Amino acid sequence: EDALEAHRSLFICTGSGEESLLTKRGEDVLVLSRRRGFVRMALMYGCDIVPIFGIGNSDLFATYSWGMDFRMWMQKKLHISIPIFHGRYLTPLPYKVPIQVLVGEPLKVPEPKVHGEKPDDALVDSYLKKYIERVKDMHKQHTTDRKLTIR
């Protein structure tokens, strides 16, 4: 919050360990539907939200669903994520695949009456929906052969 108070930009990765468990090659899976904190912070300080997305990120590693129920339970209850994956030569070196990084138009947010004041939940939900729609539109405009799943 100090960076936002000083009018600096932040890059926030919203996916977390849950997203690493859900990764599938050839498909883009994002955990966004319940990620309200980054929107709340932007609204608290009047910072525009710029959607950034990497198409092909999920192709960097082969992942496995073995023991997924237990691993998801651990992630939800204990906040421990244990993705089972490998890259080239069965190592943690990523596969050599192209990644297309998309940077969307900034989502303008209103200037708050008081900087740092918590915004209304309905406003946060509204801007989260707008952000998700921007990500969906970017994905649709730049790829035709990949499924996008937003959880």
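Here is a walk through this structure, starting from one helix and working outwards.

The model is predicted, so local features need pLDDT of at least 70 and side-chain atom pairs count only at pLDDT 80 or more, while totals for chains, interfaces and linings use all residues. Residues are numbered from 1 along each chain as its sequence is written, and side-chain values use heavy atoms, with hydrogens and water left out.

Let's begin with α5 (121-142); helices here are DSSP runs of H or I with at least four residues, strands are E runs of at least two, and both are numbered from the N terminus. α5 has 22 residues and reaches 32 Å from its first C-alpha to its last, close to the 32 Å expected, which is 1.5 Å times one less than the number of residues.

Among the buried residues of α5 (under 20% relative accessible area with a 1.4 Å probe, protein chains only; exposed is over 50%, partly exposed in between) are Val124, Leu128 and Tyr131. The buried residues of α5 fall within an arc of 145° seen down its axis, so they line one face; the arc is taken from the directions from the helix axis to the C-beta atoms. On the other side, Lys129, Lys140 and Gln141 are exposed.

Now for the largest nonpolar core, a set of buried Ala, Val, Leu, Ile, Met, Phe, Trp, Tyr and Cys residues joined through side-chain atoms within 4.5 Å. Of its 19 residues, Phe38, Val39, Ile49 and Tyr131 touch the most other members. α5 gives the most to this core, with seven residues.
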